[in-house]
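This report introduces a protein model to a reader who has not met it before. The sequence and the structure are shown first, and a description follows.

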Amino acid sequence: MPFLVLDGLDKSFQSNRVLRELSLEIEKGEVLALLGPSGSGKTTALRLIAGFEAPDLGRIRVDGEDVTGLPPSRRRFGMVFQHYALFPHLTVGENVAFGLEGTGKEESRRRVAEALAQVDLPGFEARRVGEISGGQQQRVALARALAPEPRVLLLDEPLSNLDPTLRERTRRELRTAIRKIGITTVLVTHEQEEAFHLGDRVAVLHGGILHQVGSPEDLYERPATRFVAGFVGRASAFPGTYEGDGKVRLPSGEAWAGEPAGDLKPGEPAELVVRPESLVFIPGGLPGRVTERRYAGPVSFFLVALDGQEVEVMAPSGAASEEDAVSVGLGTSGPRPRIFGVGKA
């Protein structure tokens, strides 16, 4: 049985409906990342789970218990906020112990030491917050959330205020800590790399609607909607007409194959969405010109102008230079292109 269940959550603020019948099932010990752009509803979903907001419709259950009407203090959830909310005038130990009011002194000391050990900061109790790094502060905030021994851990954009280098290192540390603890976790982020690195599964939200939930591989290689195909990773869209049997006839007259996403009828306008690594430079392909080359070591990403649009090709770095005339076709490796009906989700 799923450990955390969101059943048809709906939420509006005045006339703005920000979450639409969100349903998710999360297994015990699983890390689920809620991914989406600003205004997608992901933070509202997290606040509903935490109990900071009440849903207009729907229920929230944890380990079979309906917690929809419970205040945050009775849900036994741990929360790590975007800016950590640490108290600079308190020591690390005092910060971690802040949520343990009513716990005996010895028990509080034990839980603080245990929580700090879980995040690989043993012996840091006497340190001042200003004396430790940003990444260590993030782990102190995580320890504070873990000290009350919560059933579920909630992370609200936990790495967004770190610089890129520190963010990458802290992300690895956070992933290690969560995996070691084995706690059921819901993470909110707008960063795809963060969601893919930390999440066992990723739920993509847009406009308050859940578009797809699955592994990072599912989302990248088999996007369920046109939004997911464009939002997750790089992709180029080739317009054409669906011919049936998984083929799209391009304006050039060529028929390219892909995997239909949803019901499509022959003759309907369609888009073939292709990842950069699924395109290649080949003789006899669609003619174009390289407008930009972004070097990435052994491979480069080439922007190619063809048929009035720009597409992106990942190829060996020496395959072409800017302003070169090239021809582009489908390769035999990389994710299979996806076919979406024009005007459909």
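## Two buried residues and one cavity

Glu 194 is buried, for its relative accessible area is 3%, and the cut-off for a buried residue is under 20%. The model described here is a predicted one. Glu 194 belongs to helix α6, which covers residues 192-198. Leaving aside residues up to four places away in sequence, Glu 194 is in contact with Pro 158, Leu 159, Arg 167, Arg 171, Leu 187, Thr 189 and Gly 199. Two arginines, Arg 167 and Arg 171, are thus among the residues that Glu 194 touches.

One of these contacts leads to Thr 189. This threonine lies in strand β8, formed by residues 184-189. Thr 189 is buried as well, with a relative accessible area of 0%. Beyond residues up to four places away in sequence, Thr 189 touches Leu 34, Leu 35, Gly 36, Lys 42, Glu 157, Glu 194 and Ala 195. The two residues may be set side by side in a table.

| Residue | Relative accessible area |
|---|---|
| Glu 194 | 3% |
| Thr 189 | 0% |

What does a search of the whole structure find in the way of cavities of 30 Å³ or more? The search gives one such cavity. The volume of the largest cavity is about 50 Å³. Its lining is made up of Tyr 220, Glu 221, Pro 223, Val 273, Val 274, Arg 275, Pro 335, Arg 336, Pro 337 and Arg 338. At least two lining residues come from α7 (216-221), and at least two from β15 (269-274).

The lining residue Val 273 can also be placed relative to the threonine described above. Thr 189 and Val 273 are separated by 84 residues in sequence, and their C-alpha atoms are 25 Å apart in space.

The description now turns to the chain as a whole. The protein chain has 345 residues, of which 48% are buried. Its secondary structure consists of eight helices and 20 strands. The C-alpha trace extends over about 75 × 45 × 35 Å along its principal axes. Among contacts with a separation of 6 or more, 66% join residues 24 or more positions apart.

The surface and the charges complete the account. The chain exposes about 15,800 Å², and 49% of this area is supplied by carbon and sulfur atoms. The chain carries 41 positive and 47 negative charges, and the mean positions of the two sets are 4 Å apart.

Notes. Residues are numbered from 1 along each chain as its sequence is written. This is a predicted model: local features need pLDDT of at least 70, side-chain atom pairs count only at pLDDT 80 or more; totals for chains, interfaces and linings use all residues. Side-chain values use heavy atoms; hydrogens and water are left out. Helices (H or I, at least four residues) and strands (E, at least two) are DSSP runs, numbered from the N terminus. Buried means under 20% relative accessible area, exposed over 50%, partly exposed in between (1.4 Å probe, protein chains only). Contact means heavy atoms within 4.5 Å. Accessible areas come from the Shrake-Rupley method with a 1.4 Å probe; for residues, only the protein chains shown count as cover. Lys and Arg count as positive and Asp and Glu as negative; His and the chain ends are not counted. The place of a charge is taken as NZ of Lys, CZ of Arg, CG of Asp or CD of Glu. On a 1 Å grid over the protein atoms alone, a cavity is a set of points where a 1.4 Å probe fits but cannot get out, and a pocket is an open set with protein on both sides within 12 Å along at least five of seven lines; lining residues have an atom within 4 Å of a point. Grid points are joined across faces, edges and corners, and a volume is the space filled by probe spheres set on the points.
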